[in-house]
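User: Could you walk me through this model and the terms used for it?

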Amino acid sequence: MAAADRKAGGEWHNWRPRDRARCGIPCHLQPAPGVRRHRRRNRLPRRGYRQAEEGWRKSERRQVSRGAAPAGTDRLSLSGAALTARPLALTQGDPAGIGPDIALAAWLQRETHNLRPFLYVGDRQVLAARANLLGVTVALEQSDAASAAEIFARALPVLDVPVGHPIEAGRPHVAAARSTISAIETAVALCFKGEAAAVVTNPIAKSVLYEAGFGFPGHTEFLADLAMRATGKACTPVMMLAGPKLRAIPVTIHIPLKDVPAALTREAILETCRIADRDLRTRFGLTQPRLAVAGLNPHAGEDGAMGLEDRYLIAPAIATLRQDGINAFGPLPADTMFHDEARSRYDVAVCMYHDQALIPAKALGFDDSVNVTLGLPFIRTSPDHGTAFGLAGKGIAREASLIAALKLAAKLASQTEENRT
Ligand SMILES: NC(=O)C1=CN([C@@H]2O[C@H](COP(=O)(O)OP(=O)(O)OC[C@H]3O[C@@H](n4cnc5c(N)ncnc54)[C@H](O)[C@@H]3O)[C@@H](O)[C@H]2O)C=CC1
Ligand SMILES: NCC(=O)COP(=O)(O)O
């Protein structure tokens, strides 16, 4: 870190890659020197993203240095029918959002879509009230993971995680944060105990959780922390939006745009691409994934005239990946890499920041894209959209992306189960 700190007075592109590589902080979490200076001058007015980001950084360091004890997992002792009977664990998300609506709708369509049984992990009363509001008849049955598959045909199995506060559809309340977070923790714990096959998360409102002191930018980072607490091993989570027309990965995720250049490191690009290559082979069955790597600047820097990161950071990282046998190419101008013909030349677009990846992903498939986290020791998918508070309880939220997330989780889980039996 010392070398990096010494450089903190300069611009990002004055940092030597060696300093960043040596500073000992995992790629996505490396500090942004410009941001530090800015923050000292202008204190942030309230809890918010920045605290969440710092909480996550600290928590990772703490966990790594403590060497957290592995949680017991009996996954390997399960086989055959016991493995395939495990449900997916579906979290409630923000209970005031559309999570309950789309969970009910997905259950109602379980036969049409031949859905693998799922266990709703969340507040049962909120779910019952939402069904009433929507005017749908859905039997809810208290369940644990072991009984969920048997219940699923006749009722929606619910593992109750009470909110303990009245919840109105469309009106998020900070009092629900504990239940929202507990539901995620419970679902992950079920996976580590081998009782659930995968975690499917409903959307959370990040700002509501920050208000309650949640120390992570989003699910993606929180899930990596939970994995580390369970296994004692750090992992780098990689967000991938996967739809029929496009798979897209952002290298930097939930950070302000102004912090992106500083957070983009050679290590971040290499690690993200390596995880993408590995998981696309092992989980998605691609034999030689083609990774199209986007540039950061307009026209991928226009030979250095519009920015230097493309030439001095991204291109050398791609060269290293190619030497390692990974079929990565670029940096490509981001504005021309998402049209139909361009997309036929790659399996995944590796983008430099959140919106560079998520805008094309959602524009090309808002209803059928799925957010899947690579790099975790368990399967996690999610719909691609957020809490859509304005739609909650109105019967107009579309459940398609959740159904796609449930299907993808089930597919990835059964592949893992087949490999084990
Ligand atoms: N995986 C997660 O937990 C995610 C959470 N969020 C959170 O969601 C909150 C709201 O974010 P926004 O940017 O407003 O995104 P949003 O996805 O909730 O809404 C964007 C637009 O799409 C519409 N929409 C969203 N889902 C829909 C559905 N299923 N059917 C029909 N229309 C739908 C909404 O009505 C709105 O017009 C934020 O607090 C954000 O942090 C956002 C994305 C993912
Ligand atoms: N915009 C995507 C998003 O915010 C999802 O984040 P996460 O909660 O899945 O990490």
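Analyst: Here come the ground rules, then the core and the two ligand shells.

Analyst: This is a predicted model, where local features need pLDDT of at least 70 and side-chain atom pairs count only at pLDDT 80 or more, while totals for chains, interfaces and linings use all residues. Residues are numbered from 1 along each chain as its sequence is written, and chains are lettered from A and ligands numbered from 1 in the order in which they are written.

User: What makes a set of residues a nonpolar core?

Analyst: The members are buried Ala, Val, Leu, Ile, Met, Phe, Trp, Tyr and Cys residues joined through C-beta atoms within 7 Å; buried means that 20 or more other C-beta atoms lie within 10 Å of a residue's own, with C-beta atoms placed from the backbone. The largest such core has 124 residues, and L88 and A409 are among those that touch the most other members. Helix α17 (residues 400-420) gives the most, eleven residues.

User: Why are β1 and β2 said to pair?

Analyst: Pairing needs at least two bridges found by DSSP. Four bridges join β1 to β2 (residues 118-122), so the two strands pair. They run parallel, and T91 stands opposite V121 in β2.

User: How do you know which residues surround ligand 2?

Analyst: A residue counts as near if its C-beta atom, placed from the backbone, lies within 6 Å of the molecule. Around ligand 2 these are G218, H219, T220, L358, N371 and S382.

User: And how many residues surround ligand 1?

Analyst: There are 17, with A205, H385, G386, A388 and R398 the closest.

Methods
A residue is buried if 20 or more other C-beta atoms lie within 10 Å of its own, exposed if 12 or fewer, and partly exposed in between; C-beta atoms are placed from the backbone.
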